[in-house]
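Me: I would like to learn how to read strands, pockets, cavities and salt bridges in a model. Please take them in turn.

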Amino acid sequence: VNGSREDAVRTFTLNYFLADGTCAIVAATGFGVLRGLETLSQFAGEACTVENAPLKVEDAPRFSYRGFMVDSSRHFLPVSFLEHVIDGLVASKFNVLHWHISDSQSFPGGSNTYPQLAEEGAYLYPEAAYSVADMKKVVAYGRARGVRVMPEWDVPGHGSWGFGVPEVMITDGPCTDTMDPTKQETYDFLSTFLQEMVTIFPDAYLFLGGDEVQTSCFTESPSVSAWMAANDIADGVALQSYFWQQVTAQVMPALNRTLGVWMADDGIPYPEDLPAGSFGNVWQSQSMTAPVIDRGAKVVLSGPWYLDQQRPGGYEVYALQQMWQGMYAVEPYFNLTEVQQQQLLGGQACMWGEGINGGDFDAYAVTKAAAVAERLWSPQNVTDTTAAQPRLIEHVCRLNMRGINAEPIYPSFCLTDVQ
């Protein structure tokens, strides 16, 4: 499943005939067939019987990018658990796994070129690290199920690169997790490392983070601030622009990938510093969607769909099991013109891992993410939470039957309650 081409022709038709018991799924691509098979399994239910036949379904997703982010840096998640996550994505018809592999806390990602990154940066090596073969296995598992795997390597901040390649980091300032934009070695390293990574991850998108870089990391470093003064770089924001300009000029051309970055309310990284066609993941205020588009980038919306927050998007509910309602109420096209809407690729639910591990992941993530998935798949006018509630209750049981521990949203009964 390579890049956004998964949904080039994504409509499927499902015909189920009562008279002779046959079923036909017609789609232009294998990915459409996979979505049709999932729909068929949902019709059949726990009884493995399709009621109300004969029936015909013609369906297609509203957005081509229906993403879910998993964070394996704050808490390590084994390959088997990542496959478990993908199984849940398939059931809810997500098609992108955004894999946040590394962050300030650990670097579990394997590399044949720079093996010291995981050897020195993983919580426990090799038990809490991903070999190159492991990462390829996750990609293949997703591909076989119609789920793209988009890797994220966070730069220039949120970095654990210094465990293995300290020469590319700022070492004389207040920050220990920030790359040094003033060194040519930084761009040489990124070029070599990422050229290896694109042989492991064939997806057309490559995500490089870019958010939450404190300007004091630069201005309070004697070596960096001296370089800035010598090169007429006015401040830390201007140095971030310089960094992304160098990534655009020196690193990205050889990779043949579309660049994605986090886009905060400060608008950094600036779209004009990125390669043409790049996209920003709007992770704070949804109101940033239009300005980011107007500055030349496409957008993926995630801000209202942070699964680890108690009030994502600013809405508030009485009980945790009601949080899905606020996420379901989000309209991705809110306050966008028709022209701007064409630049919104879709949306993404994000399961950050600071307080989450494999033990409580499903309960925190799966049900709320399923509500997001329905909005990303369904037509724009499907917004009624009262109508959605029984569908989600049934889906929770379906997920539980598949070994996915989705949290309930209302008093009800699933067969798994007595199994």
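The dialogue below goes through these features one by one.

Me: What kind of model is this, and how are the residues numbered?
Reply: This is a predicted model, where local features need pLDDT of at least 70 and side-chain atom pairs count only at pLDDT 80 or more, while totals for chains, interfaces and linings use all residues. Residues are numbered from 1 along each chain as its sequence is written, and side-chain values use heavy atoms, with hydrogens and water left out.

Me: Which strands pair with S8?
Reply: Strands (E, at least two residues) and helices (H or I, at least four) are DSSP runs, numbered from the N terminus. Two strands pair if DSSP finds at least two bridges between them. Here S8 pairs in the parallel sense with S7 (residues 205-209), over 3 bridges, and in the parallel sense with S9 (residues 279-282), over 4 bridges. Leu206 has Leu259 of S8 as its bridge partner, and Met263 stands opposite Val282 in S9.

Me: How many residues of S8 are buried?
Reply: Buried means under 20% relative accessible area, exposed over 50%, and partly exposed in between (1.4 Å probe, protein chains only). In S8, which spans residues 258-263, 5 of the 6 residues are buried.

Me: Where is the empty space, and what lines the largest pocket?
Reply: Rolling a probe the size of a water molecule over the atoms shows where empty space is left. The search uses a 1 Å grid over the protein atoms alone: a cavity is a set of points where a 1.4 Å probe fits but cannot get out, a pocket is an open set with protein on both sides within 12 Å along at least five of seven lines, and lining residues have an atom within 4 Å of a point. Grid points are joined across faces, edges and corners, and a volume is the space filled by probe spheres set on the points. The largest pocket holds about 790 Å³. Its lining has 30 residues, with Gln42, Glu374, Arg391, His395 and Arg398 nearest the centre. Elements giving two or more residues to this lining include helix H1 (30-44) and helix H12 (361-377), and H13 gives the most, with 6 residues.

Me: How many cavities are there?
Reply: There are 3 cavities of 30 Å³ or more in the whole structure. The largest cavity holds about 110 Å³ and is lined by 14 residues, among them Phe68 and Val366. H2 and H12 are the elements that give two or more residues to the lining of the largest cavity, and H12 gives the most, with 6.

Me: How many salt bridges are there, and which residues does Arg74 meet?
Reply: A salt bridge is a side-chain nitrogen of Lys or Arg within 4 Å of a carboxyl oxygen of Asp or Glu. The whole structure has 12 salt bridges. Arg74 meets Asp71 at 2.8 Å, N to O, and Asp103 at 3.3 Å between the closest N and O atoms. Arg74 lies in the loop between S4 and H2 and Asp103 in the loop between S5 and H3, so this pair ties together parts that are 29 residues apart in sequence.

Me: Are these partners buried or exposed?
Reply: Arg74 is buried at 10% relative accessible area, Asp71 is buried at 3%, and Asp103 is buried too.

Me: Where does the salt bridge of Arg375 and Glu331 lie?
Reply: The side chains of Arg375 and Glu331 meet at 2.9 Å, N to O. Arg375 is in helix H12 and Glu331 in the loop between H10 and H11, 44 residues apart.
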